[in-house]
Amino acid sequence: MPELPEVETVKRGLAPTMEGARVARLELRRADLRFPFPDALAERVSGRTIVSLGRRAKYLLVDLDDGNTLISHLGMSGSFRIEEGAGSATPGEFHHARSKDEKHDHVVFHLEGSGGPRRVIYNDPRRFGFMDMVGRADLAAHPFFRDLGPEPTGNELGAAYLAERFRDKAQPLKSALLDQKNIAGLGNIYVCEALWRSHLSPVRAAGTLVTAGGRPKEQLNLLVAAIRDVIADAIAAGGSSLRDHIQTDGSLGYFQHSFSVYDREGQACRTPGCGGTVARIVQAGRSTFYCAACQK
C-alpha cells in the first residue's frame, strides 16, 4: 500500500501537468475500481478546470473550478502516468514497482492548456484503488475523512495531543500510531522507522509515554520529532527528481535505500554502538521490524 510520502510525491509530480489544465474529457474504461464510480462522473469532470491538487492522509485530492473535489486512492497497485508528446513518466516512487501495462489503464484525463494536449492515465492492475466526488465544503464530513486525526507533518500533531490520545492506553505503541484516528496517513513502514529513530519499542504500551498527570514524557517529544523527520526525509527523497519527471522514466528518489529497520530482518542495527540485530514480529497482521537491543 503506498504510504503518505509516496502519495505526496505523486501529487507533486502531477501538479505541473494538471494544475490549471482543462479536462477536455474524462475517459472511464470500466464501470468501477474497488467501488463503482460515482454517477455521471465523466460528465461532471469533463469540461472542468483543475484548480489545484492536494492530499489528505493517503488520498489525492483534485479540486475543480465548480467547487467539487475528485478523491483518488491508489489502493495497493494504483499509479498515475503522464503522457505528453512522445514522453511518458510515472510520478512517485513505491516500495513495489508500479505497472505500466496498458490493459490496466482504467481512467484517462485528456487535458488541454498552455502546455498543449496531454494525458494523465490511472493504471491499477488489482483495482483496489477508487475514486469519488464530493463538494469541497463537505470534504471534512465525508466518511473517508471525518474520523481522521491530524497530519503527521501538520501543526496539530504534538506531544501534548498524543499524550491526550495515549493516556492510560495499554494498546501497543505501534498499533496506536497506525490508528488513523490518532494520526492520519501514517503507515507501517514509517511507523517502524520513526520508532527506531526514537529508540522506542513497538510492543510497549502507548500509555507509558504519558505521566500520571497526563503530560507527555520526553520520549513522546522525541517520537513526535522522529515522525516529522522520517516523513520529511521520505518526501525529500521521493521528490528529488521531480523537475525531470517528463524527461525521465519516472524513477524518483528511493527512500527504501535508507531504511534503517524496515525489511532488514536479521541485519545489524544501524544505531551507532548498538550491536543489536533487527528482528521481525507480527502485530495485528502486519510485519514489525525493530531492534530489541536499543528500542525499549
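This note goes through three strands, their pairings and the annotated sites.

1. This is a predicted model, in which local features need pLDDT of at least 70, side-chain atom pairs count only at pLDDT 80 or more, and totals for chains, interfaces and linings use all residues. Residues are numbered from 1 along each chain as its sequence is written, and side-chain values use heavy atoms, with hydrogens and water left out.

2. Start with strand β5, residues 79-84 (strands are DSSP E runs of at least two residues, and helices H or I runs of at least four, numbered from the N terminus). Five of its six residues are buried, so β5 is largely enclosed by the rest of the structure. Buried means under 20% relative accessible area, exposed over 50%, and partly exposed in between, with a 1.4 Å probe and protein chains only.

3. β5 runs antiparallel to strand β8 (residues 118-123), with five bridges joining them. Strands pair if DSSP finds at least two bridges between them. Opposite Ser79 stands Asn123 of β8.

4. In strand β9 (residues 130-135), six of six residues are buried. Phe130, Asp132 and Val134 point one way; Met131, Met133 and Gly135 point the other.

5. Six bridges pair β9 with strand β4 (residues 68-73), in the antiparallel sense. Thr69 has Val134 as its bridge partner.

6. The unreviewed UniProt entry places "active site" at Pro2, Glu3, Lys58 and Arg286. Positions follow the numbering used here, feature names are shortened, and annotations may be inferred rather than shown by experiment.

7. Pro2 lies in the segment before α1 (4-18). Its relative accessible area is 6%, so Pro2 is buried.

8. Glu3 also precedes α1. Glu3 is buried, at 5%. Beyond neighbours within four places in sequence, Glu3 contacts (heavy atoms within 4.5 Å) residues including Lys58, Leu186 and Tyr190.
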